[in-house]
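Student: Could you walk me through this structure and tell me what stands behind the labels people put on it?

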Amino acid sequence: MEQHFDVIIIGGGAAGLTAGIYLSRAKMKTLILNDGTIGGQMILTHQIANYPGIENISGYELANNMKKQALSFGCQIKNSIKITDMNLTDYIKSITVNGKETYTANAVIIAAGGRSRMVGAPGEERLKGKGISYCATCDGDFFQDKEIIVVGGGNSALEEAVSLTKYASKVTIVHQFDHFQALSHYVDEAKANSKIDFIMESKITEFIGEEKLEAVKIQNQKSSETEIQKIDGVFIFIGYIPNTERFSGILELNKFNEIVVDNLMVTNIPGVFAAGDCVSKRYRQITTAVADGTIAALSASEYVNNIKITNSELATD
Amino acid sequence: MLRTNLPHLLSEKEHSELINNNENVMVCCGRMGPMCIPVYEIMEELQSEYPNVKFADMEFDIPDARVIRNLPEVRNFYGIPFVIYYKNGKVVKATSSIQTKEQITEILVNYLLKN
């Protein structure tokens, strides 16, 4: 593998793969560096029914199709790498992976995505998979006729709470605010379900159990009173956080640590673009990530072509 | 059958042969879901890095997967995949739900490959 590329893309989710497809099809020498699973958050979705033109597909299949498409146009992909050093501010960008391989490029697209937010209470990491879950479709059937809690107040939390009533005898939704962020039809459906109870303005402050989850400590945000509730399982759906820690101090980030871009996906550093769930925006969907990736690719392509034209003119002079 | 590039264990007999004929074995028992797929992909990558370990998957819902589902080590597991690490045919470590490459590598090194 050669070391210099026209464009390096950091991240292999919907935005990164789309950028890879567009750039490699435009004959740009393109490398995707991905430190997680190809497909990113996309593979967390079992069935996608609102991707235009495709009636029904799993996130895994859609991700695999995008990957195949990118590879077919000549895009190179390095998976499960760890970025150990990078220089994005110089004219020629450089990224070192696994402490030994360095790749350079004229432009970089950051499509680092996001990851599930954890509650952050004591016991959470230790009891993951032993009563604490982040995937209802994966683990719901372990909780047949058991009492569970769903944490969160967005679309995912309420939709999954309803779906979990197929298995659980009782579902309690614990939410930190006095109202839900979810769309009204998700809220209405949850409220109409006799198996679902609500504990509002409250947070889980501790997960209790030795070998498995046995109880949680819940604190009311107004009164600060705490109670211990015995429970069989907790499902957590409290949104995502952007994977931008490594860009802090290099790129302009907003107060949510999302990368600030303009409508052409241009960051504050020339030649560095960003796309997908890691950028500052309101709606995070596969379709919006695909749109971001497309725009970032076209912008990066124009940037690289301008460099090539300038270099060629300088050589002629 | 799981759609992975790992050897598939389709029966108790195959499972038994694998763990008894190899010193170090890692088996991921799951479905094609979001918590399982990343683990399969990590295992596919680790196959070349750790030739002394045999990697395989087993579909969680086939009857013969009881050989894993009924292990005492997984009685408190409430999240797939169930990942079992065997040394000379004995379970030395088991994990529930998704794990990172770093977490898996640490287990391989500390439980299977040390000594």
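Tutor: Sure, starting with contact: two residues are in contact if their C-beta atoms, placed from the backbone, lie within 7 Å. By that test, the contact between the chains takes 17 residues from chain B and 19 residues from chain A. Keep in mind that this is a predicted model, where local features need pLDDT of at least 70, side-chain atom pairs count only at pLDDT 80 or more, and totals for chains, interfaces and linings use all residues. Residues are numbered from 1 along each chain as its sequence is written, while chains are lettered from A and ligands numbered from 1 in the order in which they are written.

Student: What makes up the side of chain B that touches chain A?

Tutor: Helix α2 (residues 37-49) of chain B gives the largest share, 5 residues. Helices (H or I, at least four residues) and strands (E, at least two) are DSSP runs, numbered from the N terminus. By class, that side of chain B has 9 nonpolar, 5 polar and 3 charged residues. Here Ala, Val, Leu, Ile, Met, Phe, Trp, Tyr, Cys and Pro count as nonpolar, Asp, Glu, Lys and Arg as charged, and the others, Gly among them, as polar.

Student: And how many helices and strands does chain B have?

Tutor: Chain B has 4 helices and 5 strands, running β-α-β-α-β-α-β-β-α from the N terminus on.

Student: Why is chain B called as compact as a globular protein of its length?

Tutor: Set its radius of gyration (taken over C-alpha atoms) against the globule rule, 2.2 Å times the number of residues to the power 0.38. For 115 residues the rule gives 13 Å, and chain B has 13 Å, so it is as compact as a globular protein of that length. The C-alpha atoms of chain B fill a box of roughly 35 × 30 × 25 Å along the principal axes.

Student: Over to chain A: why are α1(A) and α2(A) called roughly parallel?

Tutor: Helix α1 (residues 14-25) and helix α2 (residues 59-72) of chain A pack at about 25 degrees, with their axes 8 Å apart. Axes are lines fitted to C-alpha atoms, for helices over the stretch in contact, and angles run from 0 to 180 degrees between N-to-C directions. Angles under 35 degrees count as roughly parallel, over 145 as roughly antiparallel, 65 to 115 as roughly perpendicular and the rest as oblique. That is why α1(A) is roughly parallel to α2(A).

Student: Then what makes α1(A) and α6(A) oblique?

Tutor: The axes of α1(A) and helix α6 (residues 286-316) of chain A cross at roughly 40 degrees and come within 7 Å. That angle falls in the rest class, so α1(A) and α6(A) are oblique to each other.

Student: Which hand does each crossing have?

Tutor: A crossing is left-handed if the near helix is turned anticlockwise from the far one by less than a right angle, and right-handed if clockwise. α1(A) passes α2(A) in a left-handed crossing, whereas the crossing of α1(A) and α6(A) is right-handed.

Student: What makes β12 and β14 of chain A edge strands?

Tutor: Two strands pair if DSSP finds at least two bridges between them. The open sheet has the order β12-β13-β14 (chain A), with antiparallel pairing. β12 (202-208) and β14 (226-230) each have a single partner strand, so one side of each is left without a neighbour in the sheet.

Student: How do you know that β13 and β14 of chain A pair?

Tutor: β13 (residues 215-220) and β14(A) share 5 bridges in the antiparallel sense, against the at least two required. Within that pair, A:V216 stands opposite A:Q229.
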